[in-house]
Amino acid sequence: MNTAGRVIKCKAAVLWEANKPFSIEEVEVAPPKEHEVRVKIMATGICRSDDHVVTGAMVMPFPIILGHEAAGVVESVGQGVTAVKPGDKVIPLFVPQCGECQNCLNTKGNLCSKTDLGTSLGLMPDGTTRFTCKGKAIYHFLRTSTFTEYTVLHESAVAKIDSAAPLEKVCLIGCGFSTGYGAALQTAKVKPGSTCAVFGLGGVGLSVVMGCKAAGASRIIGVDINKDKFAKAKELGATDCINPRDFQKPIQEVLTEMTGHGVDYSFEAFGHADTMIAALASCNMSTGVCVMAGLLDSEISIDPTLLLTGRTWKGTALGGIVLKMAVKTIQHFLSWQFTNHSKRGFSSKRQLKKSTALNISIRHANYPPLVPHRNPLILKSRKHHTSVWHQHWSLSPDPDSNTTLPQLPFSHYSGSSSLLFLGWKPTECIPKLVSGYLEKKFNSDLLITHTLPFAKVNEGFELLRAGKR
C-alpha cells in the first residue's frame, strides 16, 4: 500500500514521564512537510544520553520518543526535497548540515545552527511535532526520534549511504562509533608513531582505540578498572591496558613513567571530572593534546599550570560547541533492529498485530566509573530544572499548529564542553565512514555484544545501566 502523503500508524517506544518504563504504543506519524523526509527505521541504538532523559538528568519535555543513533530507508519525501528519494538508505543526523549557515560554511567546524542541541525544544524546525499518540502530541528528541518504526526528519538531517550497507551494523556510525573514531582522526589528528592513552574502554573508548590504530599510533594504552574489557581493547588495537586500582599512585604518574614524558594524545571517554583532569595531566607538558570524548557529569576545576606548560585541551560537540546541558556521559550503547514481517508495513491497527522482531545489541560499557563521583547539589538542580521546564511548556496536539513555544535560556542547564560525535561535516563524512566499513577499513561490529527482542526494550535499558557486556 502506498503510504506517501498519508498518516502512518506504527509502533514506537514512548516515554510518558521521567523515571518510568518505556511503553510500546501505536503512534500516528504525519506525512513530511516541505523539505522533510519520512524514514522507516530499520536499526536504532540506545545511547547513554537517551537514558539521561529517562532519569531526568537531561531536561526534555514529555511525552517523547527518544533515539538518535539509527539507520533506515526513506519512505516518502516532502515538497522541495532533492538530497534523497524514496528507497534510499540513510542515517539520521542529530546535528544537521544545512550548508547555508555560518557554521556550515566554516571549514573548521560542523555544528549547524539549525541543530536542536543545547535548546532541546523537542520540536521540528517549524515549531510543531509529527507524532501523536492517544490524542496527545509527542515530542521529538534531537529532531531524530528513532525509537519508532517511522520518523520524520528535516532534509538536512539525513545522510544518504551506500545501498549495500547493512543497516543493523552501520547504525552505530550515527553516533557512538563516529564519536570515538573521529576524536582520534579528526579532532586530535593523531600522528603516526605517537603514543596515546584512552581513559574508558566502553563503546566510545574502543572506537577511539580503533581511530588511534588507523592513524598509525605506535602505542595505545587503555585505562579502565574493568579488566574484562582488556581483551577486546587489545583485539581492536590497544598495545597496553592498565587498571588504576592496581597502583598506589595517581594514574597520570603511572602513564608518565610508562612513556618517560607523558603521552602525545590522551582521550577521556567516560565523562568524570577526575578522569578528565587525569587525562590532561597524563599528556606531555610541551606538545600533549587531550580530547574530552565523554559528556561531563559535573563542573570541573583544574590547575592552570597544566595548560600554561604547553598542553592543549580540546572539547568539541560535533566540531566545536560548548554544550550547556545537564548530562553525564555516553557510557555504552545498545543497538536494536526492526525486522518487519509485513511486506506492506505497519499502516493499520490490523497490521500492528503482526510479528515485529526488534533485536537490541549491547555494546561494550563504561561501568562502573573509573573514579566514583557524584555531586548531590547538581543532581538536585537537575530535578528542579525538570520541574521548571514543565511549568513553562505546553504543546498543541495539532501537528499543523504554528504555535511558537518559548525557548529556555542556557542558564537552565549545567555542564561543560565535550566531544559528542566527530569534527567532520556529517552529510559529507558519514557516507564515507559507511564506505570505509564496507571496505573493511574498520570493524565496528566488534562493539556489539548482546541482542534482545523488542518487547524487552526496558530490560535493555537495565542492562545499559548495569554495564553488562
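These questions and answers go through a sheet, its helices and a pocket in a predicted model.

User: In what order do the six strands of the open sheet stand?
Analyst: The pairing in this sheet is parallel. From one strand to the next the twist averages 15°. The order of the strands is S13-S12-S11-S14-S15-S16.

User: Why is one side of strand S13 and of strand S16 left without a neighbour in the sheet?
Analyst: S13 covers residues 240–242 and S16 covers residues 312–315. Each has one side free because both strands stand at the edges, with a single partner strand each.

User: Which residue of S14 is the bridge partner of Phe199?
Analyst: Strand S11 (residues 195–199) pairs with strand S14 (residues 265–268) over four bridges, in the parallel sense. Within this pairing of S11 and S14, Ala197 stands opposite Ser266. The bridge partner of Phe199 is Glu268.

User: Which residue of S15 does Tyr265 stand opposite?
Analyst: S14 and S15 are joined by four bridges and pair in the parallel sense. Opposite Tyr265 in S15 stands Val289.

User: Are the residues on the two faces of S14 buried or exposed?
Analyst: One side of S14 carries Tyr265 and Phe267, and the other carries Ser266 and Glu268. A residue counts as buried when its relative accessible area is under 20%. Both faces of S14 are covered, and these four residues are all buried.

User: What angle does the direction of helix H8 make with that of S14?
Analyst: Two helices that pack on the sheet can be taken in turn. Helix H4 (residues 176–188) touches S14, strand S15 (289–292) and S16, and its direction makes about 135° with that of S14. Helix H8 (residues 273–281) touches S11, S14, S15 and S16. The angle between the directions of H8 and S14 is about 175°.

User: How many of the nine residues of H8 are buried?
Analyst: The buried residues of H8 are Ala273, Thr275, Met276, Ala278, Ala279, Leu280 and Ala281. What covers them includes S11, helix H7 (251–259), S14, S15, helix H9 (305–308) and S16. H8 is therefore largely enclosed by the rest of the structure, and its buried residues number seven of the nine.

User: What handedness has the β-α-β unit made by S14, H8 and S15?
Analyst: The strands of this unit, S14 and S15, pair in the parallel sense. With H8 they make a β-α-β unit that is right-handed.

User: How many of the five residues of S11 are buried?
Analyst: Thr195, Ala197 and Phe199 point one way from S11, while Cys196 and Val198 point the other way. Residues on both sides are buried. S11 is mostly covered, and the count of buried residues is five of five.

User: Through which helix does the chain cross from S11 to S12?
Analyst: S11 runs parallel to strand S12 (residues 219–223), and five bridges join them. The bridge partner of Ala197 in S12 is Ile221. The β-α-β crossover between these strands is right-handed, and it passes through helix H5 (residues 203–215).

User: Which strand gives the largest share of the lining of the second largest pocket?
Analyst: This pocket holds about 200 Å³ of space. Its lining has 13 residues, and Ala83, Cys98, His154, Glu155 and Ser156 lie nearest its centre. The largest share of the lining, three residues, comes from residues 158–160, strand S10.

Notes:
Residues are numbered from 1 along each chain as its sequence is written. This is a predicted model: local features need pLDDT of at least 70, side-chain atom pairs count only at pLDDT 80 or more; totals for chains, interfaces and linings use all residues. Side-chain values use heavy atoms; hydrogens and water are left out. Two strands pair if DSSP finds at least two bridges between them. Axes are lines fitted to C-alpha atoms, for helices over the stretch in contact, and angles run from 0 to 180 degrees between N-to-C directions. Contact means heavy atoms within 4.5 Å. Buried means under 20% relative accessible area, exposed over 50%, partly exposed in between (1.4 Å probe, protein chains only). A crossover is right-handed if, with the strands pointing away from the viewer, the path from the first strand over the helix to the second runs clockwise. On a 1 Å grid over the protein atoms alone, a cavity is a set of points where a 1.4 Å probe fits but cannot get out, and a pocket is an open set with protein on both sides within 12 Å along at least five of seven lines; lining residues have an atom within 4 Å of a point. Grid points are joined across faces, edges and corners, and a volume is the space filled by probe spheres set on the points.
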